[in-house]
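Reader: I would like to learn how to read a sheet in a protein model. Where should I begin?

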Amino acid sequence: MTLAVDVHDLVKRYGKRTVVDRFSLSIEQGRICGFLGPNGSGKTTTLRMICGLLTPDGGTGRCLGHDLVRERDAIKRQTGYMTQRFGLYEDLTIRENLEFVGRVYDLDRLAERVDQSLDRLGLATRQHQLAGALSGGWKQRLALAACVLHEPKLLLLDEPTAGVDPKARRAFWDEIHGYAAQGITVLVSTHYMDEAERCHEIAYIAYGELMARGTAAEIVQQSGLIAFVAGGPGADRLAVRLRDAAGVTAAAAFGATLHVCGPDRDALLAAIAPYRGDPSLNWEEAEPTLEDIFIHLMSKARDNVVDA
Amino acid sequence: MIAKEVVQLRRDRLTFAMMFVLPIAQLLLFGYAIDADPHRLPTAILQADQSQITRTIVSALANTGYMRFTHRPASEAEANALLESGEVQFVVTIPSDFTRRLVRGERAQVLIDTDATDPMAAANPLAAAGPAINQALARDFVGPLAPLRDKAEAVDLVLQRRYNPEGKSRLNIVPGLLAVILTMTMVMMTALAVTRERERGTMENLLAMPVRPIEVMIGKIVPYIAIGAVQVMVILLVSWLLFGVGVQGSLTLFCLGTALFITANLAIGYTISTLTQNQLQAMQASFFMMLPSILLSGFMFPFRGMPQWAQWLGEILPATHFMRIVRGLMLKGAGFGSISAELAALLAILLIVSIVAISRYRVTLD
């Protein structure tokens, strides 16, 4: 087993604020690890520390076998980092952007590689268009193509599919799985639950701390969360009333059905008891979804912050 | 809308500070430094005749306040070299037979050679020299020399405006403009280079790739050297066609000096862009660089007429050295010897600025 990413106790502070607090993570080579967490939880900061863009204030780590701080250049050469904001040049054409990236990495057979990359993207016919003229989905795919042009061993993708339509997202994820099959390790941050489920494993971070780690199934199992689903007329309306009830961490309407969950079975049962007698509703115990768990983890993390 | 702009302006601390500090700094700086009627200009004296009368003449010239005798060259050649390199503004020559001829009532000459590349610096001192000499000598003409007092001008003051005999300001301004225009465009172009990457969000991507700081710097500078070269050619062509000002000295030296100057300015611009956070700040910083380059470099006002501290400040500016090189080459036909110090100064500025830029360039986002 080779670890592509192996970092321990990473800390990053901005002034007095600790953005990342004793964060440890290891990812095996060839795995796709989904990096989840609420906005401002330190995902981007962590990714930047892993690829050498930020110097950690504490902790140690190795990335592709190289020291995080001392061998920054070696890491950069073998890592592809895709920024959250489109980071290529809008006033260069698609081809010129790829050629620029290729030259920075000092690649041989540059024209050939760029041609291949354009073919794979399906952008060969539009290669002389300005990158700025591309739609959001295409920009993201171009950015990914630029990231992998130098055949990195590790891909760090920072919310690569934010604001991209489902079809383009699916295409994007198919590509990511293709790269993983080639042995490339991928760490990808996202807010989409369906994407989280497409990852081999998940790391959940909140307020700078790692809260959960494992495959989607493992996380569901370990969460200890109980969930109930109610169907029937008006079930979805109950969400508002149940949301603040004791023992309920989350109550949400999904279409016409209601989804309630809480960490303690008895407390949750007590909370829903007044509505269980309603003959028009049909209640069923269900497996908590990843979203349930993340919302639960988030509130737990916030409690920790308040306690501290 | 107004409120929003004011709030945004206040958020940008550096810009805010610059808006208040810069005008004050510049007012103080230029208010004290600039003197359109420069005094105490460095003067070389070639005195082959020592007598009571020549001593009176020398002290009379010094007493005008315009001349300060800094050099005593041994020969005419040495005096010419001082004038060519711009170390002195005037050379006063008193011939060996001066006193003898004066006593005999013959034509006795005092020669003042002026570096007239800057006609403004020379005008007032020369106007004051004649009356001062005659007034002072009147007191010496006693006893047997008394008859000389009645002669209208016992001493014949010969003035030579070197390099620009007609005293045309245009001849001085055209080469100076070259320096100012290049400073303006070159500093600004690279000053925006890195801040633009930062504002467009491409900097993070660039930093994530294995580019070395020196590569970024060279990449940002080299294309603009070509643009600078085109600018120089255009300015030279126009000034030759319209004003008849061409390069008198070696063209190779001219190219060397210009290339150094352009690169130094680009490096300064690049340094500014590593020190500032956005394009607005970079623009302001380049303007801050530009005003002294116009006012303290000897372009608008005689360099030697400024107080010593302002001259030191001026020496830091590439424009000052380039101005001397260009005036030397275009008007004086100067050789390598008299401008080598200026070339070395440009090179030193380039090196120091580059080191600052490289050390300030951050390979991380910290």
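Author: What follows goes from the whole chain to one sheet and the helices beside the sheet.

Author: This is a predicted model, in which local features need pLDDT of at least 70, side-chain atom pairs count only at pLDDT 80 or more, and totals for chains, interfaces and linings use all residues. Residues are numbered from 1 along each chain as its sequence is written, and chains are lettered from A and ligands numbered from 1 in the order in which they are written.

Reader: How many helices and strands does chain A have?

Author: Helices (H or I, at least four residues) and strands (E, at least two) are DSSP runs, numbered from the N terminus. Chain A has 11 helices and 14 strands.

Reader: How do strands form a sheet, and what is the order here?

Author: Strands of a sheet pair through backbone hydrogen bonds, either parallel or antiparallel. Two strands count as paired if DSSP finds at least two bridges between them. In chain A, six strands make an open sheet with mixed pairing, in the order 6-7-8-3-9-10. Its edge strands, 6 (79–82) and 10 (209–214), each pair on one side only.

Reader: In which sense do strand 9 and strand 10 of chain A pair?

Author: Strand 9 (residues 201–206) and strand 10 of chain A are antiparallel, with five bridges. A:Glu209, in strand 10, is the bridge partner of A:Ala206.

Reader: Which strands does helix 5 of chain A touch?

Author: Two residues are in contact if their C-beta atoms, placed from the backbone, lie within 7 Å. Helix 5 (residues 136–148) of chain A packs on the sheet and touches strand 6 and strand 7 (154–158). Axes are lines fitted to C-alpha atoms, for helices over the stretch in contact, and angles run from 0 to 180 degrees between N-to-C directions. The direction of helix 5 makes about 160° with that of strand 6 of chain A.
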